[in-house]
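Hello,

Here is the structure I said I would pass on. My notes follow below it.

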Amino acid sequence: MVELIITAINVFLLFFLIGYLISDMLSGMLAKRQERIADDINTAKLSKEEALALKNDYEHRLADFDSERAAILEDTRRKAAQMEERILLEGHQEADRLIARAKKEAELKKAKLQDEVRHDMIVAASRTAGRLVAENLDDTKQAVYIQEMLDEMGETTWQS
């Protein structure tokens, strides 16, 4: 039994000595661990704050993007409407120019056709008069007929 008490005292002393020697080392390890945990917590807090700042920045940019997109769309619509109006105006002006040119060409063709008809009438009248004169007119009758024909044709034909 004495041996048991001595063994118990030895074990107690051994544990006390080991505890005393290891306690400094364990305290240092625990302190380092606490510092590392505190640093990890601070880093996590900073990361969380940065993430929230980035999220807020992203949401702000997204809101700005929507308003900018709406402004760009509105500007594009306005420009398209202006372009449409300009194209329609140019189309109407071109159509008016084409119509005016067609009317002018029609008037020129009408005048040319009238001149050709007058010329043809004169040629036909001259031939007819030449035949009549050649067949049965003398110079005095011929002059009278030519004058009468010119008087009849002259005023109305040349003015129309």
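How much accessible surface does the chain have, and what share of that surface belongs to carbon and sulfur atoms? The accessible surface is about 14500 Å², and carbon and sulfur atoms account for 62% of it. Please keep in mind that this is a predicted model, so every value here is computed from predicted coordinates.

Overall form

The chain contains two helices and zero strands. Its radius of gyration is 60 Å, whereas the globule rule gives 15 Å for 160 residues; the chain is therefore more spread out than a compact globule. Along the principal axes, the C-alpha atoms fill a box of roughly 190 × 25 × 20 Å. Only a small part of the chain is covered: 5% of the 160 residues count as buried.

Charges

There are 23 positive and 31 negative side chains. The centres of these two sets lie 2 Å apart.

Salt bridges

Seven salt bridges are present in the structure. Three of them are described here, each with both partners in helix 1, which spans residues 2–136.

- Arg78 and Asp75: the side chains meet with an N to O distance of 2.1 Å. The two residues are three apart in helix 1, so about one helical turn separates them. Arg78 is partly exposed at 41% relative accessibility, and Asp75 is partly exposed too, at 27%.
- Arg86 and Glu90: this salt bridge has an N to O distance of 3.3 Å. Here the spacing is four residues in helix 1, which again means about one helical turn. Arg86 has a relative accessibility of 41% and counts as partly exposed; Glu90, with 39%, is also partly exposed.
- Arg118 and Asp115: the closest N and O atoms are 3.1 Å apart. These residues sit three apart in helix 1, about one turn of the helix. Asp115 is partly exposed, with a relative accessible area of 44%. Arg118 has a relative accessible area of 13%, so Arg118 is buried, the cut-off being under 20%.

One further point concerns shared partners: Asp75, Arg78 and Lys79 are joined into one network by salt bridges.

Regards

Terms used: Residues are numbered from 1 along each chain as its sequence is written. This is a predicted model: local features need pLDDT of at least 70, side-chain atom pairs count only at pLDDT 80 or more; totals for chains, interfaces and linings use all residues. Side-chain values use heavy atoms; hydrogens and water are left out. A salt bridge is a side-chain nitrogen of Lys or Arg within 4 Å of a carboxyl oxygen of Asp or Glu. Buried means under 20% relative accessible area, exposed over 50%, partly exposed in between (1.4 Å probe, protein chains only). The radius of gyration is taken over C-alpha atoms; the globule rule is 2.2 Å times the number of residues to the power 0.38. Accessible areas come from the Shrake-Rupley method with a 1.4 Å probe; for residues, only the protein chains shown count as cover. Lys and Arg count as positive and Asp and Glu as negative; His and the chain ends are not counted. The place of a charge is taken as NZ of Lys, CZ of Arg, CG of Asp or CD of Glu.
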